[in-house]
Amino acid sequence: MPAGNTALETWQWGWQKGQTAFKWKIGVFPLEQELSWLEQLVNALPKDSQLRLDANGGLTVAEAEQWLKYSDALGKVEFMEQPLSPRQFQEMQELDATFHTPLALDESVGTLRQLETCYQQGWQGIFVVKCAIAGSPRYLQQLCQQYPLDLVFSSVMETSVARQAAFRLAMKVSSHRALGFGVNHWFSE
Ligand SMILES: [Mg+2]
């Protein structure tokens, strides 16, 4: 879903097409404004839907704390993607340990090698895997066998063939999270 309060309308289009996990871009408008939209969005979304927040590494530590405090209180956010820049790995680990709402690394793990490094450095949260650019499927399968990884699969402007391949791979390593393949432009990366 696009950033801002248009998400309050656009989620319904996706829902009508069977989409149950909604990702909302945050950190674009003033914090107070977005937090009030968050509350409205949470009240509007159906019970059996999931809301994911994506900050694209654009928050400060203080802002991320505000978001997570709200998310914890609302109890609807499945996870928040990449609150801080990849350089702030330590800070993200601290946030992940402090708040109940899970965090997912995205920009920090552009490659599977980086994913493995973050895991080895103690990341306990979720990893976003962009199948088209992450690396070899075999390496990914190997990592899944080696470590108890919590993965969410995402697409990056893939062709339908690449999408299907990514889907099969996700089934193979059996992620329990809804696939991050949205309906066309409602699901912006
Ligand atoms: Mg992201």
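Modeller: A residue is called buried if 20 or more other C-beta atoms lie within 10 Å of its own, exposed if 12 or fewer do, and partly exposed in between. Everything that follows concerns a predicted model.

Biologist: Why is asparagine 56 called partly exposed?

Modeller: Asparagine 56 has 17 other C-beta atoms within 10 Å, and because the intermediate class lies between the limits of 12 and 20, asparagine 56 is partly exposed. This residue is found in the loop between β2 and α3 (61–74), where asparagine 56 has a positive phi of about 50° although it is not a glycine.

Biologist: What makes glutamine 82 a buried residue?

Modeller: Around glutamine 82 there are 25 other C-beta atoms within 10 Å, and since a residue with 20 or more is placed in the buried class, glutamine 82 counts as buried. Glutamine 82 is found in the loop between β3 (77–81) and α4 (89–98), and its phi is near 35°, a positive value in a residue other than glycine.

Biologist: How do you know that leucine 151 is buried?

Modeller: Leucine 151 has 21 C-beta neighbours inside 10 Å, and as the class begins at 20, the conclusion is that leucine 151 counts as buried. The residue is found in strand β6, and its C-alpha atom is separated by 7.4 Å from that of arginine 177, which is 26 residues apart along the chain.

Biologist: Why is strand β6 described as largely enclosed by the rest of the structure?

Modeller: Of the 5 residues of β6, 4 are buried, so the strand is largely enclosed by the rest of the structure. The reasoning for strand β5 (residues 126–130) runs along the same path: 4 of its 5 residues are buried, so β5 is largely enclosed as well. For the protein chain of 189 residues, buried residues make up 31%.

Biologist: How do you know that β5 is paired with β4 and with β6?

Modeller: Two strands are taken to pair if there are at least two bridges between them. Strand β4 (residues 103–105) is joined to β5 by 2 bridges, and the two run parallel, with leucine 105 having phenylalanine 127 in β5 as its bridge partner. The chain passes from β4 through helix α5 (residues 112–120) to β5, a β-α-β crossover that is right-handed. Between β5 and strand β6 (residues 150–154) there are 5 bridges, again with the strands parallel, and isoleucine 126 stands opposite aspartate 150 in β6.

Biologist: What makes β1 (21–25) and β6 the edges of the sheet?

Modeller: The open sheet has 6 strands in the order β1-β2-β3-β4-β5-β6, with parallel pairing. β1 and β6 each have a single partner strand, so one side of each is left without a neighbour in the sheet. Neighbouring strands of this sheet are turned by 30° against each other on average, direction ignored. At the β1 edge, the pairing with strand β2 (residues 50–54) is parallel and extends over 5 bridges, among which alanine 21 has glutamine 50 as its partner in β2.

Biologist: Which residues have the most contacts inside the largest nonpolar core?

Modeller: That core has 37 residues, and those with the most contacts inside it are Trp24, Met80, Ala104 and Phe127. The largest share, 4 residues, comes from β5. Leaving aside residues up to four places away in sequence, phenylalanine 127 touches Ala104, Leu105, Val109, Leu115, Leu149, Asp150 and Leu151. In soluble globular proteins, nonpolar side chains tend to be buried together.

Biologist: How do you know that the buried residues of helix α1 (residues 7–16) lie on the same side of the helix?

Modeller: The buried residues of α1 are Ala7, Trp11 and Gly14. They cover an arc of only 60° around the axis, which puts them on the same side of α1. The face turned away from that buried side carries the exposed residues Glu9 and Gln16, while the cover over the buried residues includes β1 and α2 (31–44). Just after α1, glycine 18 takes a positive phi of about 100°.

How values were computed:
Residues are numbered from 1 along each chain as its sequence is written. This is a predicted model: local features need pLDDT of at least 70, side-chain atom pairs count only at pLDDT 80 or more; totals for chains, interfaces and linings use all residues. A crossover is right-handed if, with the strands pointing away from the viewer, the path from the first strand over the helix to the second runs clockwise. A nonpolar core is a set of buried Ala, Val, Leu, Ile, Met, Phe, Trp, Tyr and Cys residues joined through C-beta atoms within 7 Å. Two residues are in contact if their C-beta atoms, placed from the backbone, lie within 7 Å. Axes are lines fitted to C-alpha atoms, for helices over the stretch in contact, and angles run from 0 to 180 degrees between N-to-C directions. The arc is that of the directions from the helix axis to the C-beta atoms.
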